[in-house]
Amino acid sequence: MKRKKRKLFYGLMDKYRGEGVVPECAHFGECGGCMFQDISYENQLLLKKEYVNGLFQDIASVDEVFPSYPFNYRTRMDLVTAFGKKGFRRSGSYRHVVDVESCPLMQTQSNEKFMELRNLLEGVEDYDYLKHSGYLRYIIIREARFTGEVMVNFVTSVPENRLSIKLYDFIESVDSSSMLLSDGLADLSYGAQFQTIKKGFINETFDSIVYKITPNTFFQSNSEVALKMYRRILSETGGNTLDLYCGIGSISLYVASAASNVTGVEMVEESVNAAIENRDINEIENVNFVCADAASYVKENSTSFDTLIIDPPRSGMDPKMIQHIKEMKLDKIIYMSCNPATCRDNLRELEDYRIESFEAYDMFPQTPHVETLAVLRKK
Ligand SMILES: C[S@@+](CC[C@H](N)C(=O)[O-])C[C@H]1O[C@@H](n2cnc3c(N)ncnc32)[C@H](O)[C@@H]1O
């Protein structure tokens, strides 16, 4: 967090903390995962509303932050295995890991699987990411909210499966499991899939749409909230539609019924392949996917679109991208964002558009993060 933003946040935390809220997790304060467990959920929503309205004060405001289940919502957890511990980084420290038995943000099955794995992986060499030596770097647990399917992946420093025998029965109890290689110095919790132990994907469903999720592809962290946002995006979609930063095609496919055509653009090849497969699984005919950098695609394609949907990474869109969008002369832009600060900067830069509607959703309860959705119209 930048200094000014951090100051604003800590001020709000003091204002809304109140008294008598007992954190759900024994590791609260030590673990870097949550910051808000000592603030009642009602106050977390008020805090986030004040934060968003403070950031956007001169351009937009929200009446409320739409809530989520406060706990057991996460569809993915990346558990570090280092220094004899399995868990999350210590608050404010990359060098230390907090050993956790369970996490109240994880869904029930994910917690059960993690507890089993803690015992089963006893004695397996973990990875010292400070000295760059060892074997097992991460355990990744993904759980689809609406289908209940569970995927467990192991990120290792060498392309060897030293776990099979220990996990023989465990693998039977999950829907998918893969081995991923991360052999560089960078601390990555993804990598080339060098072995599919079981199936290699899980399915999630959002209303009538089925999504196949593979180990290295992005899927929203909170399915309930994501689905609410997708329904809202669907209600605003029409005509020839461009979905930039489309991941595995989650939004493109969800809104296809309201559009004449949808083009989804994504730069990760594995995601584009999954998007194409998802389109075929759902037998949707008016959507196509392109593997490209979003800015390059927009620069090189002069096709006219009626609706633009954007859901960029936390860094938002850079000035070149904003310039390309301005040149497209779109009627409507739907901007979903996981970082209100970069979203605010981008909305300011798109000065040819007025903000027709602006909403905030609590995609990440117990943490400082909040998701926003803006609908913009050409002035
Ligand atoms: C926040 S996710 C959104 C995914 C999707 N809209 C969804 O709802 O699941 C952002 C996506 O943008 C992709 N991405 C990041 N930078 C990109 C770029 N320059 N061009 C195209 N895609 C990019 C990432 O791989 C990721 O899949």
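In the predicted model, Ile141 of strand S7 has Val152 in strand S8 as its bridge partner. This pair belongs to an antiparallel arrangement in which S7 and S8 (residues 150-156) are joined over seven bridges. The hairpin formed by S7 and S8 has six residues between the strands, and Gly148 adopts a positive phi near 75 degrees there. Strand S7 is also paired with strand S2 (residues 76-82), again in the antiparallel sense, over five bridges. Within S7, Arg142 stands opposite Arg76. Strand S7, which spans residues 136-143, is largely enclosed by the rest of the structure, because eight of its eight residues are buried.

A nonpolar patch on the surface is formed by Phe83, Tyr94 and Leu130, which together contribute about 250 Å² of accessible area. Leu130 is located in the loop that connects strand S5 (127-128) with strand S6 (133-134). The relative accessibility of Leu130 is 33%, so this residue counts as partly exposed.

The ligand is surrounded by 17 residues, of which Gln220, Tyr230, Glu266, Asp293 and Ala294 are the closest. In the side chain of Tyr230, an N or O atom lies 2.6 Å from an oxygen atom of the ligand. Polar backbone atoms also take part in contacts: for Ala294, the distance to a nitrogen atom of the ligand is 2.9 Å, and for Tyr245, the distance from such a backbone atom to a nitrogen atom of the ligand is 3.1 Å. On its own, the ligand has 600 Å² of accessible area, 88% of which is covered by the protein.

Conventions
Residues numbered from 1 in each chain as written. Predicted model: local features only at pLDDT ≥ 70, side-chain atom pairs only at ≥ 80, totals over all residues. Heavy atoms only, no water. Patch = residues over 30% accessible without salt bridge, like charges linked within 9 Å, V, L, I, M, F, W, Y side chains within 5 Å. Areas by Shrake-Rupley, 256 points an atom, 1.4 Å probe, with all protein chains shown as cover. Salt bridge = Lys/Arg side-chain N within 4 Å of Asp/Glu carboxyl O. Helix = DSSP H or I, 4+ residues; strand = E, 2+ residues; numbered from the N terminus. Buried < 20%, exposed > 50% of the residue type's maximum accessible area, 1.4 Å probe, protein only. Pairing = 2+ DSSP bridges. Near = heavy atom within 4 Å. Polar contact = N/O pair within 3.5 Å; in protein donor to acceptor, adjacent residues only side chain to side chain.
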